[in-house]
Amino acid sequence: MTQRLHLVFGGELVTPSENTFKNVDDLHIVGIFPNYDAAYDAWKNEAQRTVDNAHMRYFIAHLHRLRDEATPASSTEELG
């Protein structure tokens, strides 16, 4: 079975109508999860915990989509 990692993170936005963080240094990294269902549960928990703050948003990033082993690496990626 393919592992599909997901990152859950959030923070305070400059304005609720845009996805621009007020201070990137203050991002809350909830964690990395092995599947979408676990990430969704963590996201939902944090979103419900901060529901009274309209500027606070949490997101799920699909880490598995950032790196596809079947796609050749870029020249800069091969250096590191």
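1. F21 is buried in this predicted model, with a relative accessibility of 18%. The residue falls under the 20% cut-off for that class. F9 is likewise buried, its relative accessible area being 17%.

2. The rings of F9 and F21 form a pair with centres 6.1 Å apart. Their planes meet at 55 degrees, so the arrangement is tilted; an edge-to-face assignment would require an angle over 60 degrees. F9 belongs to strand β1 (residues 6-12), whereas F21 sits in the loop between β1 and β2 (28-33). The pair therefore ties together parts that are twelve residues apart in sequence.

3. This pair is part of a wider arrangement: ring pairs link F9, F21 and F59 into a cluster. Across the whole structure, the search returns five aromatic pairs.

4. Another aromatic pair is formed by Y40 and W43, with 5.4 Å from centre to centre and 35 degrees between the planes. This pair is also classed as tilted. Both residues lie in helix α1 (residues 36-49); because they are three residues apart there, about one helical turn separates them. Y40 is partly exposed, at 34% relative accessible area, and W43 is partly exposed as well, at 26%.

5. As to the overall architecture, the chain contains two helices and three strands. Their order along the sequence is β-β-α-β-α. Among contacts between residues at least 6 apart in sequence, 58% join residues at least 24 apart.

6. Of the 80 residues in the chain, 21% are buried. The exposed surface of the chain amounts to about 6,100 Å², and carbon and sulfur atoms account for 51% of that area.

7. Confidence should be considered by region. The mean pLDDT of the chain is 87, and 82% of the residues reach at least 70. Strand β2 has the highest confidence, at 97, while helix α2 (residues 75-79) has the lowest, with a mean of 48.

8. The weak region deserves a separate remark. Over residues 76-80 the pLDDT stays under 50, and the model has two contacts for this stretch beyond four places in sequence. Where pLDDT is low, predicted coordinates should not be read in detail. Helix α2, at a mean of 48, is the element of the chain to which this caution is addressed here.

Notes
Residues are numbered from 1 along each chain as its sequence is written. This is a predicted model: local features need pLDDT of at least 70, side-chain atom pairs count only at pLDDT 80 or more; totals for chains, interfaces and linings use all residues. Side-chain values use heavy atoms; hydrogens and water are left out. Rings of Phe, Tyr and Trp (its six-membered ring) pair if their centres lie within 6.5 Å; planes under 30 degrees apart count as stacked, over 60 as edge-to-face and the rest as tilted. Helices (H or I, at least four residues) and strands (E, at least two) are DSSP runs, numbered from the N terminus. Buried means under 20% relative accessible area, exposed over 50%, partly exposed in between (1.4 Å probe, protein chains only). pLDDT is the predictor's confidence in each residue, from 0 to 100. Contact means heavy atoms within 4.5 Å. Accessible areas come from the Shrake-Rupley method with a 1.4 Å probe; for residues, only the protein chains shown count as cover.
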